[in-house]
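Trainee: I would like a close look at one part of this model. Please take a single strand and follow its surroundings outward.

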Amino acid sequence: MSIFYDQQNNIFHLQTHHTSYQMKVDSYGFLLHLYYGNRTEQQADQFLVYRDRGFSSNPCDVGEDRTYSMDVLPQEFPCLGTGDYRNAAFVLQQADGSWGCDFRYVSHTIKKGKYSLEGLPAVYASDKEADTLEIVLKDVSKDWEVTLLYGVLPEVDVITRSAIFRNHSPEQVIVEKAAACLDFVTGDFDVITFHGRHAMERNRERSRVGHYAHVIGSRRGTSSHQYNPMMILAAADTNEDQGQCYAMTFVYSGGFEGSVEKDQMNQTRMLLGLQPQQLRYPVAAGESFVVPEVILSFSNSGLNQLSHQLHQCIRSHVCRGRYQSVVRPVLVNSWEACYFDIDAQKLYGLAKEAADLGIDMLVMDDGWFGKRDDDNSGLGDWYVNEEKLGMPLQELIGQVNAAGLKFGIWFEPEMVSEDSELYRKHPDWAFTIPGRKPVRGRNQLVLDFSRKEVVDHVYEQLCRILDHNHIEYIKWDMNRSISDVYSHVAGEQGRVLYDYVLGLYEFLERLHENYPNILLEGCSGGGGRFDAGMLYYTPQIWCSDNTDAIDRLRIQYGTSFGYPVSAVGTHVSAVPNHQTGRSTPLQTRGVVAMAGTFGYELDLTKLSTEDKVSIKEQVAQYKELAPLILNGRYYRLSDPYTDDIAAWQILSGNQQEVLFYAVQLETHGNMPPVYVRLKGLREGVTYKDTRTGQRYPSDLLMNIGLPLSSATQEYQSYQMKFVMV
């Protein structure tokens, strides 16, 4: 058992293989946070400091004791209304319009296995892999209850947190904020976040935590291109290979807010949870509200180790289904080959070329349904446009299968075009505000997935396609942010965005259960919804609409801090690149795309004979290496924002095989030699380059570095495999 309760001192002690997490129920019933860090068997309650702090309020229970204040004590679930003026994790508005709640300890339960959340994704684990702690808190004056949920996964050094609020009172209340909290009484920290924009997501940014609120988030209804729902708090001296760091990852795909702030006493509070700006969730008598899960992890060995723990958790305990850990089919997607101008002849031509090159699957992207020749019409009308294709879809799929390829298809189920049969029949199914003209994005509106009849209708349309055609892959896209948030059936509009996400998850869960052999890939204009919540349903996500290899180096670098290679959708595209106009060698494009699920995003029929030979070699090589690429331990070896080279490696679990990749970002005359230090190798042994036979001492590969040959072309790439001898 990884959860212990010291009844004499009222201390809970959660332990993973390398970390400890402690909290205490004090004499007033408050649940105080004590410690999170390196594993210890000792208890940290004696390190709480009680002093009279000016203008810090005191609970009525403590009488004349001015040394006791929630304004400075570290807490597990800080709420507005207890005299804590810092950023609250939970805000509740009462029926009379006032704010405030005061939750105290009532009971707890320790269970084998990992808790699950109704309607929401969550980390899962067997009874042998995890334990659950449930702590029940009750308000001192109202019949409200909160159950705090803690899941402990010792082997991956992860602790998860969630909460369920239950209203047992006769009056409706409003949840206005809900988040997970980590309090630190000491420490000099930096915060690492991941910002971006469409086609340039997850750029790493590191800032010093000071006496101000560092806030990230999304008000777009999705986790967004602009910020990723993952944050890292790192000691000031932490780097990739040493130092203490903490991660919080939100298992949720809607709006979110994360914040880090140093308080008046130099203590640090880190919060991650629902976006409060558009949240006013009514909880009527007898109802409950579930706070989405946050994954916590701590490393004392730097950022690479923290990433390894998150990767293992997501790969083995978030992603599910047939494609959780197996090699995915190498695919070619029709988008950059054809855009909207598709027909059966073109698609079959792609399929024949793909088959000759060893590619496994053809994906028919946008343009195959309804009235859809551009992005101004057709969304919502999910029926095959046989006139445009030139034949029934079933016949096309039969031809593609006969050529030796699987068949995949693109959908955008959450959207509707005003020029569509669906919108003309059900205009109230879209988010629009009465009396106002809608705000459009990509000339489309968003369907109200908070309404079951809307979800059911779209789901039934997709089923008619899936049930009558041999489809083995779905690309699920979502190509705009949500505005005009108004449901034409909901009462309190502050519940709509949360219920929208529940509707999305319910749809995806049905697909997962009823079509278990279909590979689902998530997408939102590329990486606009790249989060752990979506990975629960879609084991891979299209990393970015930007397929430029050099930009992708930076996008995939930022993504690697929290998400495994197996989750990252990566393709080789044409040059000049369609987004940037940049030209890079085909080998380099292949090297970059091999840090993911791998595929092609170009017109194979227009390739030269030389390029076809190279692609056939790339495909064969990826298939050989894919089990290690997708399931090995990924190391960042350089920083592509500051270094002249982008380098990474993938190491097998037994340290016997190493894949090394690098791309030269700067090329100059008479360049000095470049050495790249490898990491995690077994000490005192020799590794052999499988291509050249050259042997290298492991200690020197890690301390001096691998010498790279001089670049002979712009954006030259390097690709090596080493085996232990």
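**Strand S35 and its sheet**

Mentor: In this predicted model, strand S35 covers residues 686-689 and has two faces: Tyr 687 and Asp 689 lie on the covered one, while Thr 686 and Lys 688 lie on the uncovered one.

Take the partner strands next. S35 runs antiparallel to strand S36, residues 695-697, and 3 bridges join the two. Within this pairing, Thr 686 of the uncovered face stands opposite Pro 697 of S36. The connection between S35 and S36 is a hairpin with 5 residues between the strands. In its turn, Gly 693 has a positive phi of about 85 degrees.

S35 also pairs with strand S38, which spans residues 717-724; here too the sense is antiparallel, over 3 bridges. Asp 689, from the covered face of S35, has Phe 722 as its bridge partner in S38.

These pairings belong to a wider arrangement. S35 sits between S38 and S36 in an open sheet of 6 strands, ordered S31-S32-S33-S38-S35-S36, with antiparallel pairing. The edges of this sheet are strand S31, residues 633-636, and S36; each has a single partner strand, so one side of each is left without a neighbour in the sheet. On average, neighbouring strands of the sheet are turned by 25 degrees against each other, with direction ignored. In general, strands of a sheet pair through backbone hydrogen bonds, in either a parallel or an antiparallel manner.

A helix also belongs in this picture. Helix H12, residues 609-631, lies across S31, strand S32 (645-651), strand S33 (657-664) and S38. The helix runs at about 100 degrees to S33. S38 therefore appears twice in this account: it lies under the list of strands that H12 crosses, and it pairs with S35.

Note on methods:
Residues numbered from 1 in each chain as written. Predicted model: local features only at pLDDT ≥ 70, side-chain atom pairs only at ≥ 80, totals over all residues. Heavy atoms only, no water. Buried < 20%, exposed > 50% of the residue type's maximum accessible area, 1.4 Å probe, protein only. Helix = DSSP H or I, 4+ residues; strand = E, 2+ residues; numbered from the N terminus. Pairing = 2+ DSSP bridges. Axes fitted to C-alpha atoms, helices over the stretch in contact; angles between N-to-C directions. Contact = heavy atoms within 4.5 Å.
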